[in-house]
Amino acid sequence: PAALPVGQSNVTNTVPGAATSATGPGGPYASDDFSASLQVLPIINAGLSKAFSPSTVPINGNSVMTFTISNNATYTLNNATLTDAVPAGATPQTSPAPTSSCGGTVAVVGQNVTLSGGTIAASGSCTVTVTVKGTAGGTVTNNIPVSSLTTTEGVTNSVAASAPLTVLDTLSITKF
């Protein structure tokens, strides 16, 4: 129908009364026609981004890692689940406790940071933050692959999210 936004449609199933019957005293009986309609919404993939603040730390220094999920659809996303496997060279910390504006639960298990049971409002966004410690000198690039996000509605992330964290080697001075 023209009144629906682009990509949406209504599906209607109609059962004619003549296709039904009931028996009993004085019967058989036919019902009136009846139908049910279902509005079908398109799957619109979510946006996903990632950042470190600060983006450069000394060895054993802390940075706050944030990933942001953006709901590009006009319907709420439910039971959002996402696992971020943090690469070696940066270690997720449990203190301070990770936070989520997505609701649900954020857990740190080894190198993995997991959001489970999150909810993202229609056309809204939410963030998950966790402190990471730089543990080896160099640049650690943390990547969340395509299709890492799952929701009850079948929405995922169609683009990977990536951010670098630079961990500075310890400076030492030797006098000869």
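This is a short walk through a few strands of the structure and some of the residues in them. Please keep in mind that the model is predicted.

Let us begin with strand β13, which covers residues 161–168. In a regular strand the side chains alternate between the two faces of the sheet. Strand β13 shows this alternation: Ala161, Ala163, Leu165 and Val167 point to one face and are buried. Ser162, Pro164, Thr166 and Leu168 point to the other face and are not buried.

Now look at the partners of this strand. Strands of a sheet pair through backbone hydrogen bonds, either parallel or antiparallel. Both kinds can be found around β13. Strand β4, residues 56–58, runs parallel to β13 and is joined to it by 3 bridges. If you find Pro58, you will see it opposite Leu168 of β13. Strand β12, residues 138–144, runs antiparallel to β13, and 7 bridges join the two. Here Thr139 stands opposite Thr166 of β13.

Gly138 is a good place to pause in strand β12. Is Gly138 buried or exposed? Gly138 counts as partly exposed because its relative accessible area is 31%, which lies between the limits of 20% and 50%. In sequence, Gly138 and Val167 are 29 residues apart, yet their C-alpha atoms are 5.2 Å apart in space. Beyond its neighbours within four places in sequence, Gly138 is in contact with Leu165, Thr166, Val167 and Asp169.

Next, move to Lys50, which sits in strand β3, residues 47–53. Why does Lys50 count as buried? Its relative accessibility is 10%, and buried means under 20%. The side chain of Lys50 makes a polar contact of 2.5 Å with the side chain of Asp84. Setting aside neighbours within four places in sequence, the contacts of Lys50 include Met65, Thr66, Phe67 and Asp84. Lys50 also touches Asn142 and Ile144, and it is in contact with Ala161, Ser162 and Ala163. Of these, Ala161, Ser162 and Ala163 bring us back to strand β13, with Ala161 and Ala163 on its buried face and Ser162 on the other.

Our last stop is an open sheet of 3 strands, in the order β6-β10-β9, with antiparallel pairing. Its edge strands are β6 (77–85) and β9 (105–109), each of which pairs on one side only. From one strand to the next, the twist averages 10°. Strand β10, residues 112–120, pairs with β9 in the antiparallel sense over 5 bridges. To see one such pair, find Val106, whose bridge partner in β10 is Leu115.

Conventions
Residues numbered from 1 in each chain as written. Predicted model: local features only at pLDDT ≥ 70, side-chain atom pairs only at ≥ 80, totals over all residues. Heavy atoms only, no water. Buried < 20%, exposed > 50% of the residue type's maximum accessible area, 1.4 Å probe, protein only. Helix = DSSP H or I, 4+ residues; strand = E, 2+ residues; numbered from the N terminus. Pairing = 2+ DSSP bridges. Polar contact = N/O pair within 3.5 Å; in protein donor to acceptor, adjacent residues only side chain to side chain. Contact = heavy atoms within 4.5 Å. Axes fitted to C-alpha atoms, helices over the stretch in contact; angles between N-to-C directions.
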